[in-house]
Amino acid sequence: MAIDSKGARAVLLPDATVSRTGARLTLHRLLHSPSALISSGWLTLLVLVAVILPPLVETAANRQDLSLRLLPPFSLDNGPMFILGADGLGRPELLQLIVGTRTSLLVAASAVAIAAVIGFAIGLISGYFGGWVDEVLMRIADIMHTIPSLLLALAVLYVLQPSIANLIIVLAITRIPVYLRVARAQALELRERVFVESSRAVGAGDWRILRTDLAPMVLPTIRTVAMLEVASVLLAAAGLSFLGIGLQRPDVDWGMMVADGRPYLATAWWVTVFPGLVIVLTALAANLLSNWLRAAEDPSQAARFIRRPRMRKAAR
Amino acid sequence: MASETHDRPDTTEGPVLEVTGLRKVFEGRHGAQTVAVAGADFTLSAGECLAVVGESGSGKSTLARSVLRLIEPTAGSVVYRGTDLVGLDKRALRRTRRHLQMIFQDPYASLHPRQTVYRLISEPWRVHRDLMPDRPRDRVAELLDQVGMPASAIDAHPAQLSGGQRQRVSIARALGLKPDVLVLDEPVSALDVSIQAQVITLLMELQQELGLSYLFISHDLALVRLVATRVAVMYRGEFVEFGPTSEIFERPQAEYTRALLSASPALAEFGSGA
Amino acid sequence: MNDRIRRFALAALAVTSATALLAGCAGGDASGSEAQDRSLRIVLATEPVSLDPCDTQDAANAQILRANVLESLTRIDAQTGEVVPLLAEEWEASDDNKTWTFTLKEGVTFHDGAVFDAEAAATAVNRVLNTDIGCGNGTTDQFPYPVTTTVIDENTLQLTSEQPDGIFPLRMTYIDLASPNTPTDAKTDDPIGTGPFELGEVVSGESITLTPFADYWGEAPEATEVTYLYRTEPTVRASMITTGEADLAVPISAADATDDGLTKEYSDNRVFFLRTQTNKPPFNDPRVREAVHYAIDRETIVGALMERSGLPYDQLVAPTVNAYLEGYEGPGFDPDKATELLDEAAADGVAVDTTIELVTRPDLFPGSDEVMQSIAQNLTDVGFSVQLRSLDTDAWLQLLRKPFPPEQVPNIIAISHDNISGDASFTFPKYVASTGTNSTLENSEIDALIAEAETKSGDERAELYQEASKLLYDEEFTLVPIALQTKLLRLAPGIDYEPNGLTGVELRISDITFTG
Amino acid sequence: MWIFLRRRLLTSAISLVGVIIVVFFLARLTGSPANLYLPESATQEQIDEFNRLNGLDQPLLVQFWNFLVGAVRLDFGDSIWQRRPALDVALAAMPPTLTLAGIALGLSLVIAIIAGSIAAVYRFRFPDRAISVTTLTISSIPDFWFALVGILVFAVQLRLLPTSGYSTASAWILPTATVMLAPIGVLTQVVRGAMIDALGAGYVQNARARGFGTARLVARHALRNASLPIVSVAGDRAAGMVNGSIIVGSVFAFPGIGTVILGAVLNRDFAVIQASVFVVGVGVILVNIAVDAIYALIDPRVRVGAGKGK
């Protein structure tokens, strides 16, 4: 047998075609999943609406006209903005929804982002360093997990004033433990991996290992969880509105619209059903997208999207 | 077959690495202690390939990691060209350790799955900034060529590479730091047999080209006979036999070594073939 | 508008006589219906916080025990507003209105068998007024002056107020008399009174059951058992009538009202008004306060949003309260006038563009959030810079009560105030007098009128309060009345009950009849 | 095992102490019960008197010390409103809460296991998609909205169920369904994922090769293997059900701990807030320990302690 040290030169595996970059690959996969495509389409639409429309319609949205109180939907008699009817103060439901979209998305996205970043960072550190650092951080996480979010919400909103920013703070604080646990569990497992040892062998310090080795591995999971959490946060914000400690007028979000419309559940269904429907659709879209992301990240399911000629099992 | 290598003359210019009384004891849950390395003494000269053989669980890998202080030794010293690694603070350790690099057993696990080959090989330079070449990409291509990889692999992810290719990338990554000593922890045992030979050949070529010293950890006696200048036989954390390769294979002293040799069908085959 | 109020009051009276008739008939064939199990299920908004006989004044605690389990020396006739005897047969005042002598009803026993006599009554009164157990009844609000008790004989009790008190018998409606066996050093969960019902099973968080008291001194009510349930959501309460889970739901929200005659309105003399912060700019200028009056479109807001639960209103007290000004009409809705007044004030250097907070709380009354949003829009429309703040009740109370922190943003606070007893002394000293804990006003003329009224009784007293009202409405504009509130309750078919001014605190089972 | 348990209890106790300390100060940030307890027109003197009677006039640290001294003996003080030991108030609410959470979680698990298994077996095909979309939609409904609409539809329109209450079995249906909304989506997804992994495992494939039917395969082999992640997520959800029960309590008048906490927070009944959080905390700890124990039971390979990080 001829041993040629350069023997491997020609045998790069067939799918080593590296021309397809990550982003394009994702797009390609997306196009092959109708539910993910529709979900991201819906979310994109919402973002566009939230960014573009509210400044244009805000005044009209908040204009009360008691003569149009509880105007039923699907009639153009009072102009297209009343197509979804009017609420208890005669404000156009459609425009309220549009303004609410901005608030709801802002609240959900910011709360999720803040919680994810903090939980991710603390979880990584906790899991990687272990020992007393981990003990302390996990005990703090336990504490945050056990404190009733209602009490926290009331305390924050009592000391500070109810505002979008404070609502975001409350929601973010209560959701941190979710990411913290996920990140910690992964870091705990990852720090034992050989590639971490390999990094240490080439001289990388702890922070560098955290940054370049662990973070990129945990990030996809955090991203998946974050999408899932968008739904939870939307629902949590709505729950706070229901209990009367959410946002305050003139700010408006979807949850508040549902909560405000509850006296009319039996008489004017549209006041709660439209915002409720938007919450459900958005939460569903976020959930589906999260599922899809998870599947796309998971090598055992990724086959579905990239159609490899064959699957290789890690030799162990 | 390049079967003469084990007779390669000793090119010692004084030891590169001196390991004295190296000991590693693991603390169990209830104060129970497991002695993984009972106290290893050896020197490694420039250009030499010292093999440590033994069954799995004999403490070879712990020894390899203790030498690099990837795990903290319980006692002993590891002196690299006059510097004892054991006493160094983190920063100095990292600076010194770049001269001693390690190749891990499982190339599927030792390469970060989300980094490209370029990133993997250039990463060490980001730690040791003084080693960062002016044109890192060219240097990575050079290193790839040196380990027998096509330049086109530079943007590949490990998942797109075969086991042998990955191990080559690991080697290139270590070479990028211009080390004197490579600690090879079962570098080919995770690979297909045909690929094993390619990688071993590469390692031996590199040793000659670059004058590297190898601490070669293996359970594969045939391989050890092929590559090593000296052999240490390890059993339950202790060196039971230590000497030049030919001596160990031809006149094994310790009972354990004999048992080990007779239990190796590959070696019997190899021996008969020679 | 006044017409509507009068009509409302007349309707209440007309219904009264009908109720009396019905009650009479029902009483007649009570024996015949005894075989039937006439149990009642009443759904309330909240569970009583306390079952102690001395905490029954708090609206949350009141509807179950008062008049059913516990009785007082006197009671208010819901229809006439007069104070009439209950456990007292009659009473007599000394010339200086300080000493009041009550003659007690005979043959009355408590549920635990204790005999009701002057000694027992004195013990009960003292438990409420002279112990340190923190009674909700008998606060300085209700009893501004210390009271001492003297037992004259078995059936005569003398009560002495430290200061002259023209409405002492009215104040006695606040004291529910508990059995002398009730502990006097601690609160109790076992209220033992003289009423037609005894406290039955209490399942915390779920229900309270009342069972008839066999030895009741008066006429036995029709119901043989009463179960109280609690549901926070108004919609749920109303739904329970529809589904037959309850026979009476109180209160329900306007959105759940039906027009089948089973939804009934009642007033607890409650007025919804706004209080401007008279002690702070820009509200220290009367023109700015007057502008607030003109800015709010009461007719539209109350008509559209409060529907059957309110009437647009111009005064601080309900028509049955003695400070009510017959024929008075307020400034009315005139946004142009409001803007004009603001411009005028601004021209004189008043900072009318200061941001003011419009303070409310979510549970002020059902639907109050929407009403407040409408008011905020009205105020903004005439040129105020308004920020609506819906606060937690605790935070709201801190802004309502003195002391007002100097750094506080000028505000307009929404208040819903009831005055069941019909005497202005339960409203004016608190909200109008400069010493009032909830008052931002300082007007020595009004203060003097109120102080004088406190010592008088009858028409004299009423006139003094009415004079104070006039000054308040025509010169000060501090308080901005919005609506006379009515509450709604819903009955199941087969149940009849005519609510009255006291229903909010006293739901007499004896007034409930079975028609089915 | 016992050492593990001891350690576990110790660290849990530390968390619990931390929680009640945080809650102590957090609650006091929300004001004082004096305003709410006294009539609207109460004077400052009356408020001061109330605070003195209830020990709220003392410096915060003194109050805190008194609280700690009591808490050590499990004495959280008396409820200001109910005038009985706060711990009794909290404990009385636990049986309904635990029953509701138990039933809801059990049912969610049954549904999730059936739906998730079907989805895993037919993965990427129609049943999988239908199940995913359905369960996720269910989990995306705001719970209070579902509760109110549920009452209108099932109680008022159809007259099938009572609106509220908890003394009859049928009254539990809507509250249970409401509490089940949130966990069902996650649990189904977890079951599905775990089952896909388990079905792909070597020995299951062997079994399949030996001719085991899919249903038997799923029930006997895959499920057992998939149970670890399911148990851990279910445990997490069990802890989260307290929050759900606040909504259920407020809509259906369900007398659970959620209702108690809501009432105590709104009324500033500090002692009850503290006792309730303590009781909930103990509950969460017990659930977590139970999860670990179940772990060990299901899979002896899992060395307790090295397992799930808590």
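This report covers a surface patch on chain A, the overall make-up of chain B and the annotated segments of chain D in a predicted model.

**Chain A**

Five residues, A:Val47, A:Leu48, A:Val51, A:Ile52 and A:Leu56, form a nonpolar patch of about 500 Å² on the surface. The most is contributed by helix 2 of chain A, residues 34–52, which supplies four residues to the nonpolar patch. A:Leu48 is part of the patch and lies in helix 2 of chain A. The relative accessibility of A:Leu48 is 48%, so this residue counts as partly exposed, given that partly exposed covers the range between under 20% for buried and over 50% for exposed.

**Chain B**

Chain B contains eleven helices and ten strands. Of its 274 residues, 57% are buried. Among contacts in chain B with a separation of 6 or more, 67% join residues 24 or more positions apart. The chain has an accessible surface of about 11400 Å², and carbon and sulfur atoms account for 48% of that surface.

**Chain D**

An unreviewed UniProt entry lists "transmembrane region" for residues 9–29, 98–122, 143–160, 172–191, 246–266 and 272–298 of chain D. Two of these segments are described in the table, with their secondary structure and the distance between their end C-alpha atoms.

| Segment of chain D | Helix | Strand | End C-alpha atoms apart |
|---|---|---|---|
| Residues 98–122 | 96% helix | 0% strand | 35 Å |
| Residues 272–298 | 100% helix | 0% strand | 38 Å |

In the model, residues 98–122 of chain D are thus 96% helix, and residues 272–298 of chain D are 100% helix.

Technical notes
Residues are numbered from 1 along each chain as its sequence is written. Chains are lettered from A and ligands numbered from 1 in the order in which they are written. This is a predicted model: local features need pLDDT of at least 70, side-chain atom pairs count only at pLDDT 80 or more; totals for chains, interfaces and linings use all residues. Side-chain values use heavy atoms; hydrogens and water are left out. Patches are made of residues with over 30% relative accessible area and no salt bridge: like charges are joined within 9 Å, nonpolar side chains (Val, Leu, Ile, Met, Phe, Trp, Tyr) within 5 Å. Accessible areas come from the Shrake-Rupley method with a 1.4 Å probe; for residues, only the protein chains shown count as cover. A salt bridge is a side-chain nitrogen of Lys or Arg within 4 Å of a carboxyl oxygen of Asp or Glu. Helices (H or I, at least four residues) and strands (E, at least two) are DSSP runs, numbered from the N terminus. Buried means under 20% relative accessible area, exposed over 50%, partly exposed in between (1.4 Å probe, protein chains only). Contact means heavy atoms within 4.5 Å. UniProt positions are given in the numbering used here, feature names are shortened, and annotations may be inferred rather than shown by experiment.
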